[in-house]
Amino acid sequence: MGKHVLVIEDEPNIVAAITFILRRDGWQVSSHASGSDAMQVIRDAAPDLLILDVMLPGRSGYDILRELRGDPATADLPVLMLTAKGQSRDRQMAEAFGASRFMSKPFSNTEVLASVRELVDT
Amino acid sequence: MSLPRSSLTGTRIRARRTVLGVAQAELARQVGVSPSYLNLIEHNRRGVGAALLDRLASALEVPVDTLREGAGTQLVETLREAAAAAPAHHPAPPEADRIEDFVGRFPGWADLIAAQQRRIGALERTVERLTDRMAHDPHLSAALHELLSVSASLRSTATILAEAREIDPGWQARFLGNIETDSLRLSEGAQALVGYLDAAEPAESGLAAPQEELEAWLADRGWHLPELEAAGFDAAGPEVDEMLAGHGELGSASAIALARAYLARARADAVALPLPRVLEALARVGPKPPDLAEVLGVGSDLPRLFRRLASLPDGVPGLPPRGLVICDGSGTLTFRRPLPGFGLPRFGGACPLWPLYQALAAPLRPVEQMVEMSGRPARRFVAYAVCEAQGGARFGAPAVLEATMLLLPASVETDATAPALPVGTSCRICPRAGCAARREPALVGGT
C-alpha cells in the first residue's frame, strides 16, 4: 500500500492530472476542493504529504499552512505549496510560513513527481 | 542683451554693469549711493528699494523688470531639486551652492537641466502608476491567475496523454474532455485579458497627473474663467463640454472629471459672491480676507471667499497676486495655484509647518499667519487658512475634512516686518536647520 498524498486544490482538472500521475507512481491519492473546512479534512486523512494550493475558496493556503505548523500533530507534515503567481513575494511568504517546498503553476509532471518523492521517504 | 536669469537682483545688476564695462564706483555715483553700499547690493546682502531700482535700471539701460527679483526663482528651485536628486555617492556632487552662478553663466544649459528634471519627475510618476497598477489591479491579477491555472492543467494533462503508452480508456476520455474545456477557457481568458489591456485609454498613459493637467489648463486661462460669471451658466449643461473640449492640457478622462468638479464648485462660488459685489468690497476695504468676510457677509464660509479671491481676474484694482492651496484630511494637496516665491511641491508632501496644516488640525478655527518662505531671498507672505468638514456633521460617518489656504504677499499688512513663521516647500529641498518638523534630511546644503 503506497503512501498517502492529500491534494487540496479547487481546479478539478489539475486535481485529475495530479491524481493520475501520482497513482501511476504508486501513491494513494485523495483530494479536497475547499479551504474553509480543509483543516478537518487534513486531520481526518492524516496524509504522509499535503499538496496545498494557495488560492482556495473559503480560506487561503497560507492561513491553513500557518495553522498546520502551529499544531504539534501536523507541524512536521511535508507540505508542497502550489501557486499561480510565481513571484518572489509569494515564495518568501510560503517559506516564512513553513512550506517544505514551493511550486508555481504551470508546473511539469516530472517536477511534481520529483518533489513528492523527495519530500516523503519511500 | 544677455542677462543672467538669476532670481537675485544684485547678481543681475552686477552682471549688467559688467556687460556695459561700467566701474562699480561710477555706477554708484550715477545712482547716488556709496560704492560700498552698491557692492553690498551686488552681492545680495542688501535689498533694493523701488526708487533706487528705477535709477539703477535707467543707468544700466534696461527695463526695471529685468532687474527685479523672482523671474528666475522657479528655474533655480527646479535646479535645486535636480541637485537634490543626484545620487548620494555621486563622484562629483553638483555645486548646489553655486546654482545662481551656473544659471547666470549658462542659461541655456540651466534651462535644459530644469526641463529634463521636470520630465524625469513626470516619467517617474508614470512608472510608479504603472507599477501600482500591475501590482494591485484586481482584474489583471485575477485574469493572470486564471491563465496560469488553466495552463497548469493543460500542460499536465497534455503531458499525460503524450507520454502514456497504456492508458485506461475511461481516463483517456476524461483527459481529452478536460483538454477541450481547458483550451476553451485559455482562449477566452487570453481574449479577455487583451480586451482589458486594450480598453485602457491611451490618454491615461499621459505623463502628467490629472491634477497637474487641471492646473495647467487653469494656468493657461489665467486662473479666471469669465464664462462662470454669466447669468445663465449651467455647471451641468452642454456649455461645460464646450469649455473642456479640445484642450491639450486636459488629456485624460480623470483630468476632465476633476475639471468638471472644479467648474461646479467655482460656479457656485461665483453665484454666492457675484463679481460686482466682490470688486466693490475690494475697493472699499482692500484684499485682506478678515475685512472682506465682514463686508461680504460670508459668515463661516471662508473657504469660498478664499477660492473666489484666487479665481478673480488679474489686474483688478487693489487685488495683489494670490496663491491658493487646498488639501484633504490626509494632508494631500488637491489644488495648487502657485504664487511666485512661495514654492509648492509638485508631488509628495509639503512643509508640515504651513498654516494649512495648522488649520487642518483645528477645524473651524481660521488661522492668519505671516510666513517666511525659505530661499534666497527669503520671501514673506500672509497665509489665511481654515478647515471645514465636507457634507456637514453626521452620526456614524467619518468626518471628511478639507483645509484651504490663501496666500497674499506680505505687503498687504501694514507692518510687513512683523515676526513671521519660517516655512519651506518640502523637506527634501528645504535648507532650514534645526526644524522640529523635518521628516527627512535636506539633500541640498544650506544656502
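**Group meeting: the chain B sheet and what surrounds it**

Okay, let's start with the sheet in chain B: six strands, an open arrangement, mixed pairing, and the order is β2-β1-β5-β4-β3-β6. The edges belong to β2 and β6 of chain B, where β6 is 421-423; each has a single partner strand, so one side of each goes without a neighbour in the sheet. Going from one strand to the next, the twist averages 30 degrees. Before I go on, please keep in mind that this is a predicted model.

A bit of context on the chain. Chain B has 16 helices along with its six strands. It runs to 447 residues, and 32% of them count as buried. If you take the contacts in chain B with a separation of 6 or more, 65% are between residues 24 or more positions apart.

Now let's walk across the sheet, beginning at the β2 edge. β2(B) is residues 333-337, and its pairing with β1(B) is antiparallel, over four bridges. One pair to find on your screen is B:Cys327 with its bridge partner B:Leu333 in β2(B). These two strands make a hairpin with four residues between them, and in the turn B:Gly331 has a positive phi of about 85 degrees.

On to the next pairing. β1 of chain B, residues 323-328, meets β5 of chain B, residues 400-409, and they're antiparallel over six bridges. Which residue of β5(B) does B:Gly323 stand opposite? That's B:Leu407. Further along, B:Val325 stands opposite B:Met405, again in β5(B). Hold on to B:Met405, we'll come back to it.

There's a helix on the sheet here too. α15 of chain B, residues 302-310, packs on it and touches β1, β2, β4 (379-390) and β5 of chain B. The direction of α15(B) makes about 45 degrees with that of β5(B).

Now the other end. β3 of chain B, residues 367-373, runs antiparallel to β4(B), and seven bridges join them. B:Met373 has B:Arg379 as its bridge partner in β4(B). Then where does a parallel pairing come in? Between β3(B) and β6(B), over three bridges. You can spot that one by looking for B:Val371, which stands opposite B:Leu421 in β6(B).

Let's stay on β3 and zoom in on B:Val367, which sits in that strand. Is B:Val367 buried or exposed? Buried: the cut-off is 20 or more other C-beta atoms within 10 Å, and B:Val367 has 20. Leaving aside neighbours within four places in sequence, B:Val367 is in contact with B:Pro355, B:Gln358, B:Ala359, B:Ala385 and B:Val386. B:Cys387 is 20 residues away from B:Val367 in sequence, and the C-alpha to C-alpha distance is 9.3 Å.

One of those contacts, B:Ala359, leads us into the core. With the same neighbours in sequence set aside, B:Ala359 is in contact with B:Val367, B:Ala385, B:Val386, B:Cys387, B:Ala403 and B:Met405. In the largest nonpolar core, which has 60 residues, the ones touching the most other members are B:Leu356, B:Ala359, B:Ala385, B:Met405 and B:Leu406. So there's B:Met405 again, the residue opposite B:Val325. Apart from that core lies another, of 37 residues, and among them are A:Leu50, A:Tyr62, A:Leu77 and A:Val79.

Quick detour to a helix earlier in chain B. In α3, residues 35-42, the buried residues are B:Leu38, B:Ile41 and B:Glu42. Down the axis of α3(B), these fall within an arc of 95 degrees, so they line one face of the helix. The cover over them includes α1 (9-20) and α2 (24-31) of chain B. Just after α3(B), there's a positive phi of about 60 degrees at B:Asn44.

Last stop, the contact between the chains. It takes 15 residues from chain B and 16 residues from chain A. On the chain B side, α8 (138-163) and α9 (169-199) each supply at least two residues. Which element of chain B gives the most? That's α8(B), with 11 residues. By type, the chain B side divides into four nonpolar, eight polar and three charged residues.

That's my tour. Questions?

Definitions and conventions:
Residues are numbered from 1 along each chain as its sequence is written. Chains are lettered from A and ligands numbered from 1 in the order in which they are written. This is a predicted model: local features need pLDDT of at least 70, side-chain atom pairs count only at pLDDT 80 or more; totals for chains, interfaces and linings use all residues. Two residues are in contact if their C-beta atoms, placed from the backbone, lie within 7 Å. Ala, Val, Leu, Ile, Met, Phe, Trp, Tyr, Cys and Pro count as nonpolar, Asp, Glu, Lys and Arg as charged, and the others, Gly among them, as polar. Two strands pair if DSSP finds at least two bridges between them. Axes are lines fitted to C-alpha atoms, for helices over the stretch in contact, and angles run from 0 to 180 degrees between N-to-C directions. A nonpolar core is a set of buried Ala, Val, Leu, Ile, Met, Phe, Trp, Tyr and Cys residues joined through C-beta atoms within 7 Å. A residue is buried if 20 or more other C-beta atoms lie within 10 Å of its own, exposed if 12 or fewer, and partly exposed in between; C-beta atoms are placed from the backbone. The arc is that of the directions from the helix axis to the C-beta atoms.
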